[in-house]
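Thanks for coming, everyone. I'll walk through one structure, and I'll keep it quick. Please have a look at it first.

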Amino acid sequence: MTRTNAVTPIRGALKNDSTLQGSVQDGLAAVENPHKKYFSTEIRADFADSLEIDRNLRPGREQENRWDYLLGHAPSGEVIAVEPHSASQGEISTVIRKRTAAREQLREHLRDGARIAKWLWVASGKVHFVATEKVKLQLDQNGIEFVGAAVMAKHLPTAPSSAAAAPREPGKRKR
């Protein structure tokens, strides 16, 4: 396993003593190969790190719902959560329960103030529900965005603007 000393979004969000720190991998390495197709090829290089939370949080929680992945989005510095899951009407409540469980399961691992910027649900097969206003509202109320067949650039947090991100030198004025 290649390990980097750089602070990437997920590594920075986890407490230093979190048991999950050692399972964070660079890029999309923690994402199972069949699941990588759920990420548009144009955005794959934008992820600094990844963590499969389903497998890593399973011990002792075998009967609980678990979310699949955390991904560190390098351009924004944000952590997003992605759940590949079948997209049918009957699975909406399951995905909502998974997010609720994941937030509780991650609580002991995240630093104070750390947050998951987006919770994305990607269809792991054909979509068998109509994205009606009622479904959208139900997901919105639970902080989940349904993205369809793949996560695209439009689903990711926006990068901070270079003017806002670049620190100014003290005493220097703009001309």
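Let's start with the largest pocket. Helix α3 gives the most to its lining, with four residues. One caveat before I go on: this is a predicted model. The volume of the largest pocket is about 160 Å³. Which residues line it? They are R99, R103, L106, R107, L110, A114, R115, I116 and W119. Keep four of those names in mind: L106, R107, R115 and W119. They come back.

Now the inside. The largest nonpolar core has 27 residues. Five of them have the most contacts inside it: L51, L70, L106, W119 and W121. So L106 and W119 sit in this core and also line the largest pocket.

Which elements give two or more residues to this core? The helices are α1, at 9–13, α2, at 53–57, α3, at 92–107, and α4, at 133–141. The strands are β4, at 78–88, and β5, at 118–128. Again α3 gives the most, this time five residues. There is another core, apart from this one. That one has 15 residues, among them V31, F39, V82 and V122. As a general point, nonpolar side chains in soluble globular proteins tend to be buried together.

Take L51 from the larger core. What is it in contact with, leaving aside neighbours within four places in sequence? The list is I10, L14, L20, S23, V24, A30, N56, D68, Y69 and L70. Note L70, which is another of the residues with the most contacts inside the core.

L51 falls within strand β2, residues 47–52. Is that strand mostly covered or mostly open? Mostly covered: five of its six residues are buried. Strand β2 has two partners to show you. With β1, residues 25–26, β2 pairs in the antiparallel sense over two bridges. There, Q25 has S50 as its bridge partner. With β3, residues 69–73, β2 also pairs in the antiparallel sense, over five bridges. In that pairing F47 stands opposite H73.

On to charges. Side chains of opposite charge can pair when their charged atoms come close. How many salt bridges does a search of the whole structure find? Eleven. I'll show three.

First, R58 with D54. Their closest N and O atoms are 3.4 Å apart. D54 is buried, at 15% relative accessible area. R58 counts as partly exposed, at 33%. This pair is part of a network: salt bridges link D54, R58 and R66.

Next, E78 with R115. Here the closest N and O atoms are 3.3 Å apart. What does this pair tie together? E78 lies in strand β4, and R115 lies in the loop between α3 and β5, so the salt bridge joins parts that are 37 residues apart in sequence. E78 is partly exposed, at 22% relative accessible area. R115, remember, is one of the residues lining the largest pocket.

Last, R107 with E104. The closest N and O atoms are 3.3 Å apart. This one stays inside helix α3. The two residues are three apart there, so about one helical turn separates them. R107 is exposed, at 55% relative accessible area. E104 counts as partly exposed, at 49%.

To wrap up, look again at α3. It gives the most to the lining of the largest pocket, and α3 also gives the most to the largest nonpolar core. That's it from me. Comments, please.

Definitions and conventions. Residues are numbered from 1 along each chain as its sequence is written. This is a predicted model: local features need pLDDT of at least 70, side-chain atom pairs count only at pLDDT 80 or more; totals for chains, interfaces and linings use all residues. Side-chain values use heavy atoms; hydrogens and water are left out. A nonpolar core is a set of buried Ala, Val, Leu, Ile, Met, Phe, Trp, Tyr and Cys residues joined through side-chain atoms within 4.5 Å. Buried means under 20% relative accessible area, exposed over 50%, partly exposed in between (1.4 Å probe, protein chains only). Contact means heavy atoms within 4.5 Å. Two strands pair if DSSP finds at least two bridges between them. A salt bridge is a side-chain nitrogen of Lys or Arg within 4 Å of a carboxyl oxygen of Asp or Glu. On a 1 Å grid over the protein atoms alone, a cavity is a set of points where a 1.4 Å probe fits but cannot get out, and a pocket is an open set with protein on both sides within 12 Å along at least five of seven lines; lining residues have an atom within 4 Å of a point. Grid points are joined across faces, edges and corners, and a volume is the space filled by probe spheres set on the points.
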